[in-house]
Amino acid sequence: MEVLPHFSHVHPLVFNDGRSHESEEVYCCACGELVSGPRFSCVDCGFHLDKNCAEAPVEMNHPFHRQHNLKLMTSSPYVEGHEHLLLLYITYLGGYCNACGGSIGGYKVYRCKACDFNVHYGCLTSLPQTTWHKSDRHCLILTYHEDNDYSQYHYCDVCEKERSPNTWFYHCPICDNSAHLSCVLRGSQFLKRGIKIKESDHPHTLMIVEKVYDYPECHKCGHRCMDLALECLDAECKYIIHWECSTTFQYIRSA
């Protein structure tokens with residue numbers, strides 16, 4: 001049995017030639033691609049590296065950057081918000097996202113099995129680390145933990161509604177203002193038309209659109225959508241709502 005001690009993982013990795021037929025798909029934790037051939041795997045935590053990634057040189061000189069050697073680095077895709085390495089699951093059922101609070105519901109997710117910690121792929125890859133909002137004159141910082149245990153501090157300074165201390169939020173450390181992710185990012189200046197979104201109140205994928213003709217009625221408030229809206233990609237569904245009428249949502253990052 002070939003065993004590989006690899007700098008990216010705390011446990012030794014065991015070689016698997018990939019010839020056995022497995023019901024569960026396996027993805028490489030380095031490149032994120034589906035592994036269909038030889039790989040090195042951790043029998044304890046479900047960590048996998050395809051053979052090419054596992055045997056990649058730790059340091060190399062690349063023709064596009066001759067001045068310095070390039071070093072192979074490893075880090076969790078979420079170094080500040082969780083103490084353990086997060087593994088990518090292409091489909092995971094059950095649980096809630098520790099970033100936005102929305103249901104995992106079979107989406108692509110980064111997960112820590114030991115802590116039952118989950119983050120939507122879209123939340124992890126799309127949320128800006130810093131941003132601006134008209135409610136505060138300073139830059140707001142994406143914050144992962146609520147250090148204040150007093151419940152009176154668990155409110156959003158934009159919508160003035162209760163805020164969960166267990167999900168991510170934007171915070172101004174100078175003014176001590178905090179806000180929901182959705183309240184800060186809801187402004188149209190941050191939104192690119194054509195971005196796909198999953199919303200908690202609708203089963204299909206929605207797309208951010210700007211209505212400049214036709215002006216259909218919003219399925220939530222009944223008023224006509226005359227500007228920014230979320231429209232269902234299922235042509236037979238005809239579901240559309242104002243961007244302001246959306247509730248909990250997650251961005252879907254294009255492959």
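A nonpolar core, as the term is used here, is a set of buried Ala, Val, Leu, Ile, Met, Phe, Trp, Tyr and Cys residues joined through side-chain atoms within 4.5 Å. Keep that in mind as you look around this structure, which is a predicted model.

**The cores**

The largest nonpolar core has 36 residues, and the members that touch the most others are Val119, Leu127, Leu142, Trp168 and Tyr170. Plenty of elements chip in: strand 7 (87–89), strand 8 (109–112), strand 9 (117–120), helix 2 (121–126), strand 11 (136–143), strand 12 (169–172) and helix 3 (181–185) each supply at least two residues. Helix 3 gives the largest share, with four residues. There's also a second, separate core of 14 residues, and Leu206, Val209, Leu228 and Trp243 are among them.

**The chain as a whole**

Now step back a bit. The protein chain has three helices and 18 strands. It runs to 255 residues, and 36% of them are buried. If you take contacts between residues at least 6 apart in sequence, 43% join residues at least 24 apart. One pair to look up in the model is Cys100 and Trp168: they sit 68 residues apart along the chain, yet their C-alpha atoms are separated by 6.5 Å. Trp168 is one of those well-connected residues of the largest core, while Cys100 is found in the loop between strand 7 and strand 8.

**Cysteines without a bond**

How many disulfides does a search of the whole structure find? It finds zero. A disulfide is a covalent bond between the sulfur atoms of two cysteines. To count as one here, the two sulfur atoms have to be within 2.5 Å. For Cys97, the closest cysteine sulfur is that of Cys100, and at 3.9 Å it is too far for a bond. Cys139 is in no disulfide either, as the nearest cysteine sulfur, in Cys172, is 8.6 Å away. As for how covered these residues are, Cys97 counts as buried at 2% relative accessibility. Cys100 is partly exposed, with a relative accessible area of 21%, and Cys139 is partly exposed too, at 25%.

**Salt bridges**

Side chains of opposite charge can pair when their charged atoms come close. Searching the whole structure turns up two salt bridges, shown here with the N to O distance for each.

| Acidic residue | Basic residue | N to O distance |
|---|---|---|
| Glu55 | Lys51 | 3.0 Å |
| Asp116 | Arg111 | 2.7 Å |

Are the partners buried or partly exposed? In the pair of Glu55 and Lys51, Glu55 is partly exposed at 44% relative accessibility, and Lys51 is partly exposed at 30%. In the other pair, Asp116 counts as partly exposed at 49%, whereas Arg111 is buried, with a relative accessible area of 8%.

**On the surface**

Finally, the outside. The accessible surface of the protein chain is about 15,600 Å², and 51% of that belongs to carbon and sulfur atoms. Which residues form a nonpolar patch on the surface? They are Phe7, Val58 and Leu72, and together they have about 250 Å² of accessible area. To find Phe7, go to the loop between strand 1 (3–4) and strand 2 (13–16). Residues need over 30% relative accessible area to be part of a patch; Phe7 is partly exposed, at 41%.

How values were computed:
Residues numbered from 1 in each chain as written. Predicted model: local features only at pLDDT ≥ 70, side-chain atom pairs only at ≥ 80, totals over all residues. Heavy atoms only, no water. Patch = residues over 30% accessible without salt bridge, like charges linked within 9 Å, V, L, I, M, F, W, Y side chains within 5 Å. Areas by Shrake-Rupley, 256 points an atom, 1.4 Å probe, with all protein chains shown as cover. Salt bridge = Lys/Arg side-chain N within 4 Å of Asp/Glu carboxyl O. Buried < 20%, exposed > 50% of the residue type's maximum accessible area, 1.4 Å probe, protein only. Contact = heavy atoms within 4.5 Å.
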